[in-house]
Amino acid sequence: MSHFRVADPSVRWTTGPPLPQTKESPVFAAYLVVTLLAAAVVGLAAVANLIGHEYPKKQADRMRLPRWWTLPLGTLLAAGALGLLAGLAVPVLGRLAAAGLVLYFLVAFGVHLRVRDRHLGVVSAFFCLAAAALVVNLAYH
């Protein structure tokens with residue numbers, strides 16, 4: 001006895017509108033994982049900037065930026081992380097936060113290149129995470 005049904009040969013495949021995404025879909029799983037990961041990583045970077053950790057201060061010195069910029073930059077990162085989390089409830093906030101983080105890290109690339117700093121690994125990772133958050137947000141909603 002077979003547990004598989006034989007397809008009816010008279011049934012033809014048709015294309016139609018895409019099926020709506022549900023909370024059980026793989027796209028939702030990717031959206032949730034990437035969004036939470038991005039929010040956590042960006043949130044940790046924001047905390048490091050806001051509490052005056054040495055790493056952001058050293059980076060500011062290497063990029064020839066005033067050290068007091070770490071607070072406003074940390075605030076922008078915190079807003080991005082919170083926006084990603086808020087986007088789980090209000091999708092447009094998540095899209096805006098992810099797009100803002102992509103712009104933030106594009107500017108960070110520019111700052112690194114301006115001072116001829118070729119250590120772009122951390123900035124690249126943050127940029128890719130922000131871009132992935134934007135892509136899965138757009139794919140799910």
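Which residues of α5 are buried? In this predicted model, the buried residues of the helix are V123, F126, L129, A130, A133, L134, V136, N137 and Y140. Among the elements that cover these buried residues are α1 (26–50), α3 (70–86) and α4 (91–114). Helix α5 itself comprises 20 residues, from 121 to 140. The distance from its first C-alpha to its last is 28 Å, which is close to the 28 Å expected at 1.5 Å a residue.

Charged side chains were examined next. Side chains of opposite charge can pair when their charged atoms come close. Across the whole structure, 2 salt bridges are found.

One salt bridge joins the side chains of D61 and R67, with an N to O distance of 2.7 Å. Both partners are classed as partly exposed because their relative accessible areas, 41% for D61 and 38% for R67, fall between the limits of 20% and 50%.

Another salt bridge is formed by R62 and D117, whose closest N and O atoms are 2.6 Å apart. R62 belongs to helix α2 (residues 54–62), whereas D117 is located in the loop between α4 and α5; the pair therefore ties together parts that are 55 residues apart in sequence. The surroundings of the two partners are described by their accessibility. R62 is partly exposed, at 39% relative accessibility, while D117 has a relative accessible area of 8% and is buried.

Note on methods:
Residues numbered from 1 in each chain as written. Predicted model: local features only at pLDDT ≥ 70, side-chain atom pairs only at ≥ 80, totals over all residues. Heavy atoms only, no water. Helix = DSSP H or I, 4+ residues; strand = E, 2+ residues; numbered from the N terminus. Expected span 1.5 Å × (residues − 1). Buried < 20%, exposed > 50% of the residue type's maximum accessible area, 1.4 Å probe, protein only. Contact = heavy atoms within 4.5 Å. Salt bridge = Lys/Arg side-chain N within 4 Å of Asp/Glu carboxyl O.
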